[in-house]
Amino acid sequence: MEFKENVVILTGASTGIGEALAHQLAEQGAWLVLAARNAQKLETVAAECRARGGRALVVATDVTDEEECRELVERAVAEYGRVDTLINNAGLSMWMKLEDVEDLSTIEYLMRVNFFGSMYCTYYALPHLKQTKGRVVAIASVAARTGIPTRTGYSASKHAMVGFFESLRIEVEDDGISVTIAYPDFVASGMHTRSLGADGQPLGHNPLQVDKIMTSEECARRILAGTAARQRQIVMSNRSRFGQWLKLIAPGKVDQIAKRAIERGR
(Lines give C-alpha, C1' and ligand atoms only; values in the text may rest on other atoms or scores of the structure.)
Protein backbone atom coordinates (compact mmCIF):
# COMPACT_ATOMS: atom_id res chain seq x y z
CA MET A 1 0.00 0.00 0.00
CA GLU A 2 2.79 2.38 -0.95
CA PHE A 3 0.28 4.99 -2.17
CA LYS A 4 -2.15 4.96 0.76
CA GLU A 5 -3.21 8.59 1.35
CA ASN A 6 -0.62 9.66 -1.21
CA VAL A 7 -1.81 12.74 -3.11
CA VAL A 8 -1.42 11.88 -6.79
CA ILE A 9 -2.05 14.22 -9.73
CA LEU A 10 -2.69 12.04 -12.77
CA THR A 11 -3.09 13.52 -16.24
CA GLY A 12 -4.74 11.64 -19.08
CA ALA A 13 -6.85 9.86 -16.48
CA SER A 14 -10.06 9.40 -18.45
CA THR A 15 -9.13 6.30 -20.45
CA GLY A 16 -6.47 3.69 -21.24
CA ILE A 17 -3.33 3.57 -19.14
CA GLY A 18 -4.46 6.60 -17.13
CA GLU A 19 -7.75 4.99 -16.17
CA ALA A 20 -5.95 1.78 -15.19
CA LEU A 21 -3.47 3.76 -13.08
CA ALA A 22 -6.34 5.57 -11.36
CA HIS A 23 -8.10 2.31 -10.49
CA GLN A 24 -4.96 0.66 -9.13
CA LEU A 25 -3.97 3.72 -7.12
CA ALA A 26 -7.48 3.90 -5.66
CA GLU A 27 -7.23 0.28 -4.53
CA GLN A 28 -4.18 1.33 -2.50
CA GLY A 29 -6.13 4.19 -0.92
CA ALA A 30 -4.56 7.06 -2.87
CA TRP A 31 -5.99 10.56 -2.85
CA LEU A 32 -6.35 11.28 -6.53
CA VAL A 33 -6.59 14.39 -8.67
CA LEU A 34 -7.82 13.19 -12.05
CA ALA A 35 -7.14 15.38 -15.08
CA ALA A 36 -8.18 15.14 -18.73
CA ARG A 37 -10.26 17.21 -21.13
CA ASN A 38 -13.45 15.13 -20.89
CA ALA A 39 -15.07 15.91 -17.54
CA GLN A 40 -17.87 13.38 -18.03
CA LYS A 41 -15.44 10.49 -18.54
CA LEU A 42 -13.40 11.69 -15.58
CA GLU A 43 -16.47 11.60 -13.34
CA THR A 44 -17.06 7.98 -14.33
CA VAL A 45 -13.45 7.10 -13.50
CA ALA A 46 -13.69 9.02 -10.22
CA ALA A 47 -16.82 7.14 -9.16
CA GLU A 48 -15.06 3.84 -9.76
CA CYS A 49 -12.02 5.04 -7.83
CA ARG A 50 -14.16 5.94 -4.83
CA ALA A 51 -15.82 2.53 -5.00
CA ARG A 52 -12.36 0.96 -4.86
CA GLY A 53 -11.38 2.82 -1.70
CA GLY A 54 -9.67 5.96 -2.91
CA ARG A 55 -10.56 9.63 -2.89
CA ALA A 56 -10.91 11.42 -6.19
CA LEU A 57 -11.11 15.03 -7.31
CA VAL A 58 -11.99 15.73 -10.95
CA VAL A 59 -10.30 18.69 -12.65
CA ALA A 60 -11.07 19.03 -16.36
CA THR A 61 -7.74 20.09 -17.87
CA ASP A 62 -6.29 20.67 -21.30
CA VAL A 63 -2.56 20.18 -20.71
CA THR A 64 -1.68 22.33 -23.73
CA ASP A 65 -2.98 25.32 -21.74
CA GLU A 66 -0.40 26.53 -19.22
CA GLU A 67 -2.99 28.31 -17.08
CA GLU A 68 -5.13 25.19 -16.80
CA CYS A 69 -2.08 23.21 -15.68
CA ARG A 70 -1.38 25.79 -12.99
CA GLU A 71 -5.00 25.62 -11.85
CA LEU A 72 -4.80 21.82 -11.75
CA VAL A 73 -1.99 21.94 -9.22
CA GLU A 74 -3.68 24.69 -7.21
CA ARG A 75 -6.91 22.66 -7.02
CA ALA A 76 -4.96 19.65 -5.79
CA VAL A 77 -3.31 21.67 -3.02
CA ALA A 78 -6.59 23.35 -2.07
CA GLU A 79 -8.31 19.95 -1.76
CA TYR A 80 -5.62 17.89 -0.06
CA GLY A 81 -3.05 20.39 1.24
CA ARG A 82 -0.08 18.95 -0.63
CA VAL A 83 1.17 17.04 -3.68
CA ASP A 84 3.09 13.78 -3.24
CA THR A 85 3.20 12.37 -6.78
CA LEU A 86 2.75 13.78 -10.27
CA ILE A 87 2.16 11.31 -13.10
CA ASN A 88 2.49 12.95 -16.52
CA ASN A 89 0.45 10.47 -18.54
CA ALA A 90 -1.54 12.64 -20.97
CA GLY A 91 -0.35 11.93 -24.47
CA LEU A 92 -1.25 11.74 -28.14
CA SER A 93 0.21 9.68 -30.97
CA MET A 94 0.22 9.72 -34.76
CA TRP A 95 0.09 7.20 -37.60
CA MET A 96 1.44 8.81 -40.78
CA LYS A 97 4.64 9.40 -42.70
CA LEU A 98 5.98 12.94 -42.60
CA GLU A 99 5.53 13.33 -46.37
CA ASP A 100 1.79 12.62 -45.98
CA VAL A 101 1.16 15.31 -43.32
CA GLU A 102 -1.32 17.82 -44.71
CA ASP A 103 -0.73 20.52 -42.10
CA LEU A 104 2.42 20.80 -39.98
CA SER A 105 0.38 22.25 -37.12
CA THR A 106 -0.52 18.60 -36.41
CA ILE A 107 3.10 17.95 -35.44
CA GLU A 108 3.18 21.12 -33.35
CA TYR A 109 0.07 19.99 -31.49
CA LEU A 110 1.67 16.64 -30.65
CA MET A 111 4.58 18.55 -29.13
CA ARG A 112 2.24 20.74 -27.09
CA VAL A 113 0.40 17.76 -25.65
CA ASN A 114 3.28 15.38 -25.02
CA PHE A 115 6.12 17.71 -24.12
CA PHE A 116 4.77 21.10 -23.07
CA GLY A 117 1.84 19.58 -21.18
CA SER A 118 4.23 17.54 -19.04
CA MET A 119 6.54 20.50 -18.60
CA TYR A 120 3.74 22.85 -17.50
CA CYS A 121 2.36 20.43 -14.90
CA THR A 122 5.80 19.62 -13.56
CA TYR A 123 6.82 23.27 -13.28
CA TYR A 124 3.82 24.21 -11.16
CA ALA A 125 3.91 21.05 -9.04
CA LEU A 126 7.62 21.26 -8.29
CA PRO A 127 7.51 23.63 -5.28
CA HIS A 128 4.95 21.36 -3.62
CA LEU A 129 6.86 18.18 -4.47
CA LYS A 130 9.95 19.67 -2.81
CA GLN A 131 7.98 20.01 0.43
CA THR A 132 6.97 16.34 0.39
CA LYS A 133 10.12 14.88 -1.22
CA GLY A 134 7.73 13.50 -3.75
CA ARG A 135 7.78 11.64 -7.03
CA VAL A 136 7.56 12.77 -10.66
CA VAL A 137 6.66 10.22 -13.33
CA ALA A 138 6.91 10.73 -17.08
CA ILE A 139 5.14 8.26 -19.34
CA ALA A 140 7.38 8.32 -22.39
CA SER A 141 7.46 5.53 -24.99
CA VAL A 142 9.75 3.05 -26.67
CA ALA A 143 9.61 5.67 -29.45
CA ALA A 144 11.69 7.89 -27.16
CA ARG A 145 14.57 5.40 -27.36
CA THR A 146 14.79 4.97 -31.11
CA GLY A 147 13.23 6.16 -34.35
CA ILE A 148 9.87 4.65 -35.32
CA PRO A 149 8.41 5.01 -38.84
CA THR A 150 5.05 6.84 -39.03
CA ARG A 151 5.89 8.39 -35.63
CA THR A 152 8.23 11.25 -36.54
CA GLY A 153 6.44 13.96 -34.55
CA TYR A 154 5.42 11.61 -31.73
CA SER A 155 8.93 10.23 -31.37
CA ALA A 156 10.37 13.75 -31.34
CA SER A 157 8.00 14.83 -28.58
CA LYS A 158 8.86 11.80 -26.45
CA HIS A 159 12.60 12.30 -27.02
CA ALA A 160 12.08 15.86 -25.77
CA MET A 161 10.29 14.55 -22.68
CA VAL A 162 13.15 12.22 -21.86
CA GLY A 163 15.77 14.95 -22.24
CA PHE A 164 13.73 17.25 -20.01
CA PHE A 165 13.07 14.74 -17.22
CA GLU A 166 16.58 13.28 -17.21
CA SER A 167 17.92 16.80 -16.75
CA LEU A 168 15.32 17.56 -14.08
CA ARG A 169 16.29 14.43 -12.18
CA ILE A 170 19.76 15.82 -11.62
CA GLU A 171 18.42 19.23 -10.61
CA VAL A 172 16.04 17.91 -7.93
CA GLU A 173 18.12 15.03 -6.56
CA ASP A 174 19.24 17.03 -3.53
CA ASP A 175 15.61 17.95 -2.81
CA GLY A 176 14.68 14.29 -2.34
CA ILE A 177 12.42 14.19 -5.41
CA SER A 178 12.61 11.10 -7.58
CA VAL A 179 12.06 11.21 -11.34
CA THR A 180 10.89 8.01 -13.00
CA ILE A 181 10.61 7.65 -16.78
CA ALA A 182 8.44 4.82 -18.14
CA TYR A 183 8.92 3.42 -21.64
CA PRO A 184 5.81 1.49 -22.72
CA ASP A 185 5.88 -0.52 -25.94
CA PHE A 186 2.59 -1.06 -27.81
CA VAL A 187 -0.27 -1.06 -25.28
CA ALA A 188 -3.95 -1.83 -25.81
CA SER A 189 -4.99 1.50 -24.36
CA GLY A 190 -7.25 3.01 -26.99
CA MET A 191 -4.58 5.63 -27.65
CA HIS A 192 -4.00 4.36 -31.16
CA THR A 193 -7.67 4.82 -32.06
CA ARG A 194 -7.18 8.49 -31.17
CA SER A 195 -3.85 8.71 -33.03
CA LEU A 196 -3.79 11.49 -35.57
CA GLY A 197 -3.78 10.66 -39.27
CA ALA A 198 -2.45 12.65 -42.22
CA ASP A 199 -5.44 15.01 -42.11
CA GLY A 200 -4.83 15.81 -38.43
CA GLN A 201 -7.97 13.97 -37.32
CA PRO A 202 -8.17 10.85 -35.09
CA LEU A 203 -7.91 7.57 -36.98
CA GLY A 204 -11.08 6.19 -35.38
CA HIS A 205 -9.75 2.63 -35.52
CA ASN A 206 -6.85 0.71 -34.01
CA PRO A 207 -4.31 -0.61 -36.54
CA LEU A 208 -2.65 -2.83 -33.91
CA GLN A 209 -3.25 -6.49 -33.07
CA VAL A 210 -4.80 -5.69 -29.70
CA ASP A 211 -4.88 -9.30 -28.51
CA LYS A 212 -1.10 -9.59 -28.93
CA ILE A 213 0.11 -6.51 -27.08
CA MET A 214 0.27 -5.49 -23.42
CA THR A 215 -2.94 -4.52 -21.63
CA SER A 216 -3.39 -1.14 -19.97
CA GLU A 217 -3.78 -2.89 -16.63
CA GLU A 218 -0.44 -4.68 -16.89
CA CYS A 219 1.27 -1.51 -18.08
CA ALA A 220 -0.16 0.43 -15.12
CA ARG A 221 0.94 -2.27 -12.69
CA ARG A 222 4.52 -2.04 -13.90
CA ILE A 223 4.51 1.76 -13.81
CA LEU A 224 3.28 1.85 -10.22
CA ALA A 225 5.77 -0.78 -9.08
CA GLY A 226 8.62 1.24 -10.55
CA THR A 227 7.24 4.50 -9.17
CA ALA A 228 6.91 3.04 -5.68
CA ALA A 229 10.55 1.93 -5.84
CA ARG A 230 11.60 5.34 -7.20
CA GLN A 231 13.30 3.70 -10.17
CA ARG A 232 15.05 5.86 -12.75
CA GLN A 233 13.39 4.08 -15.65
CA ILE A 234 10.83 1.38 -16.39
CA VAL A 235 11.44 -0.47 -19.64
CA MET A 236 8.32 -2.44 -20.55
CA SER A 237 9.31 -4.99 -23.18
CA ASN A 238 12.09 -7.44 -23.96
CA ARG A 239 12.20 -5.93 -27.44
CA SER A 240 13.04 -2.54 -25.99
CA ARG A 241 15.60 -3.94 -23.54
CA PHE A 242 17.33 -5.85 -26.30
CA GLY A 243 17.09 -2.92 -28.69
CA GLN A 244 18.93 -0.49 -26.43
CA TRP A 245 21.99 -2.75 -26.45
CA LEU A 246 21.72 -3.79 -30.09
CA LYS A 247 21.62 -0.13 -31.11
CA LEU A 248 25.17 0.29 -29.82
CA ILE A 249 26.61 -2.32 -32.19
CA ALA A 250 24.08 -2.73 -35.01
CA PRO A 251 21.78 0.32 -35.22
CA GLY A 252 20.53 -0.70 -38.67
CA LYS A 253 19.08 -3.88 -37.16
CA VAL A 254 17.10 -1.79 -34.68
CA ASP A 255 15.68 0.24 -37.57
CA GLN A 256 14.54 -3.01 -39.18
CA ILE A 257 12.91 -4.19 -35.97
CA ALA A 258 11.03 -0.89 -35.65
CA LYS A 259 9.85 -1.03 -39.26
CA ARG A 260 8.68 -4.61 -38.90
CA ALA A 261 6.79 -3.84 -35.68
CA ILE A 262 4.78 -1.10 -37.41
CA GLU A 263 4.07 -3.29 -40.42
CA ARG A 264 2.88 -6.16 -38.20
CA GLY A 265 0.99 -3.96 -35.75
CA ARG A 266 2.46 -5.66 -32.71
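A crossing of two helices is right-handed if the near helix is turned clockwise from the far one by less than a right angle, and left-handed if the turn is anticlockwise. That's the term to have in hand here, since this report on a predicted model starts with a pair of helices and then moves on to salt bridges.

**The α3/α4 pair**

Helix α3 passes helix α4 in a right-handed crossing. Helix α3 covers residues 66-80 and helix α4 covers residues 105-132; their axes cross at roughly 35° and come within 9 Å. Who touches whom? On the α3 side it's Glu66, Cys69, Arg70, Leu72, Val73 and Val77, and they meet Gly117, Tyr120, Cys121, Tyr124, Ala125 and His128 of α4. Sorted by class, that contact has 8 nonpolar residues, along with 2 polar and 2 charged ones.

**Salt bridges**

Side chains of opposite charge can pair when their charged atoms come close. Here the count comes to 10 salt bridges. Three of them are laid out below, with the closest N to O distance and the relative accessible area of each partner.

| Pair | N to O distance | Relative accessible area |
|---|---|---|
| Glu2 and Arg135 | 2.8 Å | Glu2 43%, Arg135 6% |
| Arg55 and Glu79 | 3.9 Å | Arg55 36%, Glu79 41% |
| Glu74 and Arg70 | 2.3 Å | Glu74 43%, Arg70 23% |

Take Glu2 and Arg135, whose side chains meet in a salt bridge. Glu2 sits in the segment before β1 (7-11) and Arg135 in strand β5 (residues 135-139), so this pair ties together parts that are 133 residues apart in sequence. Is each partner buried or exposed? Glu2 is partly exposed, while Arg135 is buried, because its 6% falls under the 20% cut-off.

Arg55 and Glu79 also form a salt bridge, at 3.9 Å from N to O. Arg55 belongs to strand β3 (residues 55-60) and Glu79 to helix α3, so the pair links parts 24 residues apart in sequence. Arg55 counts as partly exposed, and Glu79 is partly exposed too.

The bridge between Glu74 and Arg70 stays within one element: both residues lie in helix α3, 4 residues apart, or about one turn of the helix. Glu74 is partly exposed, and Arg70 also counts as partly exposed. Arg70 brings us back to the helix pair, as it's among the α3 residues that meet α4.

Finally, there's a network: Glu27, Glu48 and Arg52 are linked by salt bridges.

Note on methods: Residues are numbered from 1 along each chain as its sequence is written. This is a predicted model: local features need pLDDT of at least 70, side-chain atom pairs count only at pLDDT 80 or more; totals for chains, interfaces and linings use all residues. Side-chain values use heavy atoms; hydrogens and water are left out. Axes are lines fitted to C-alpha atoms, for helices over the stretch in contact, and angles run from 0 to 180 degrees between N-to-C directions. Helices (H or I, at least four residues) and strands (E, at least two) are DSSP runs, numbered from the N terminus. Contact means heavy atoms within 4.5 Å. Ala, Val, Leu, Ile, Met, Phe, Trp, Tyr, Cys and Pro count as nonpolar, Asp, Glu, Lys and Arg as charged, and the others, Gly among them, as polar. A salt bridge is a side-chain nitrogen of Lys or Arg within 4 Å of a carboxyl oxygen of Asp or Glu. Buried means under 20% relative accessible area, exposed over 50%, partly exposed in between (1.4 Å probe, protein chains only).
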